[in-house]
Amino acid sequence: MAAEVQALPPLRQTLGPAPLTPSQTYYRAFKSQLLVPSPHNSAITSITSPPSAETFAVTSGGRSQVYNSRTRKIVKTITRFGVDDVARSGVVRRDGRILLAGGDGGVVQAFDTGSRAVLRQWGREEKRRLPVHVVRWSLGTVTEFMTCGDDRTVRVWDLTEEEPKWVGVGHEDYVRAGCWLPGQEGMVISGGYDQTVRVWDTRQGGQGAPVMTFRVQGAVEDVCALGSSLVAAAAGNEVSVLNLISGKPEVILRSHQKAVSSLALAQGGTRLLTAGLDGHIKIHSTSTWEVVASLKYTAPILSLAVIPSPQNSSEDRHLLVGLQTGLLSIRTRLAGAEKAKTREREKRDQALIAGTADEYERVQRKKDKLQGIRAQDRGKDFRGEGADITIQGNDRTGRAKKLKDWQQALRRGEYSRALDLVLADHQSGPENTLTLITALRSRGALRAALRERSDENLVPVLKWVLNNINAPRILHLTGDVTGAILDLYAGRMGVWLEQGEGEVGWTCLKLVERIGKRVRRTAELAQQAEGCIGVMDLLAMG
């Protein structure tokens, strides 16, 4: 038995590039933005968040504030610094009970976050006190912490001792960046204005020298440990990813126009966020080191932190950004049931504003009732594993779908008539025209469909070419049709020149001239675009 004749599947135009990548969609989900101005418009110099804690610390001017990550509200404000002192690098311990902070006065202080009392001070007895810019709690011992400052040293302290347990000497300029290396007990990373990143082993007491030194192309503003063997260092407008095993940079990221001021990890360590004085945040994939998304702020960014979600460590909850103007930006990403609740709350508020609250409540009750009925009936139609399996095939019992006129003409080999019918049908849309021309092109019948046409039948084809000659997605079709027309009817253009205005041949000639003008204009725009791309490449290369 012969197979049933099926209609040609409609050809859909190829979709353009996706407007948003998955990474861009992910970071655009941080919508619920809260802008908190700092007192006296002091710049936000530090934002720190301890692991597995519900608080984060924000330092600006002469105060350090502790926020609750659930409510995004200030829990404590600590201002017990000197009159002319500027607080630096306030950091909360992972149990949330003690806050450490340095300052331009050279004194490191420990505060009780409950009573805001000063528990201890280090460095007050020194005669020549220099600013302490970095304070970080140890990843293992809850009583140990490290400091880096303008005295060009890296120190490790204990809460129970007055003097430092270990002092690292080797930097030749201010030390403004430092962190602990995860997975390596007692290993510390520091970066200074001497354009070096140094690795220290603090397990031996007393005074020590660096065990490894990397030289970078600028003053180091921040360092971030990407693992037990990778460290990212922000130096100038570059970010160097240093491999501690090979002893050399693995890759250098150049995605900022101005100095990079802060680094942070996100999405369980699969993304590296870099913030700069150009007001941009660039999100890099730690597998390919390509920029997968970016965010723009209205002022230079000085500090950056990402708080992971308590339910899933591979997703993030808050994106914290500190600006030079004194604004703290807190963006929250909602997901799952929380996102649905927020959407329902917004709908309820809109109904209250519009005065349709009663109607909204009635519809909501009906929806809840239907959901309850569906829950009760769920599973009643299950027939068990012994149920018959029906294989859907070519159903011949029903009436076959009737082919359209142009499809029937194509089936009979009347290619010219099929093209006339599809061009005359203005209600079916452009898909049928593209489907037919693609079929004619694949069968080698495109020239047969265009050959021996009268001037009246050639006008619709020329109009279709004129309307679609600039469409880049179907350029392969319009180019073939245009080439075939010029090849077949080049000899007839002399006859068209002799005809007067208003005749069909004169119309065909004018359509060909308009097609030529449009092609030349498109070529000029393409050349200008190529020139712009070259200029942008030069600017990106610096």
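**Close-up 1. The second largest cavity of the predicted model.** Its volume is about 40 Å³. The lining consists of V36, P37, S38, I44, V58, S60, Q65, Y67, G326 and L328. Three strands, β1 (30-37), β3 (55-60) and β4 (63-68), each supply at least two of the lining residues. By class, 6 lining residues are nonpolar and 4 are polar. No charged residue lines this second largest cavity.

**Close-up 2. The largest cavity, with a volume of about 50 Å³.** The count of cavities of 30 Å³ or more comes to 2. L419, L423, T433, I437, L446, L450, V461, W464 and V481 line the largest one. Helices supply much of the view: α5 (415-424), α6 (430-443), α7 (446-450) and α8 (455-468) each give at least two residues to the lining. The lining of the largest cavity has 8 nonpolar residues and 1 polar residue. Charged residues are absent from this lining.

**Close-up 3. Helix α11, residues 504-540.** The helix has 37 residues. At 1.5 Å a residue, α11 should span 54 Å, and its end C-alpha atoms are 54 Å apart, so the two values agree.

**Close-up 4. The buried residues of α11 and their packing.** G505, C508, L509, L511, V512 and I515 are buried in α11. An α-helix has 3.6 residues a turn, so residues three or four places apart point the same way. The buried residues of α11 pack against three helices: α8, α9 (475-489) and α10 (493-498). Of these, α8 also supplies at least two residues of the lining of the largest cavity.

Definitions and conventions:
Residues are numbered from 1 along each chain as its sequence is written. This is a predicted model: local features need pLDDT of at least 70, side-chain atom pairs count only at pLDDT 80 or more; totals for chains, interfaces and linings use all residues. Side-chain values use heavy atoms; hydrogens and water are left out. On a 1 Å grid over the protein atoms alone, a cavity is a set of points where a 1.4 Å probe fits but cannot get out, and a pocket is an open set with protein on both sides within 12 Å along at least five of seven lines; lining residues have an atom within 4 Å of a point. Grid points are joined across faces, edges and corners, and a volume is the space filled by probe spheres set on the points. Helices (H or I, at least four residues) and strands (E, at least two) are DSSP runs, numbered from the N terminus. Ala, Val, Leu, Ile, Met, Phe, Trp, Tyr, Cys and Pro count as nonpolar, Asp, Glu, Lys and Arg as charged, and the others, Gly among them, as polar. The expected span of a helix is 1.5 Å times one less than its number of residues. Buried means under 20% relative accessible area, exposed over 50%, partly exposed in between (1.4 Å probe, protein chains only). Contact means heavy atoms within 4.5 Å.
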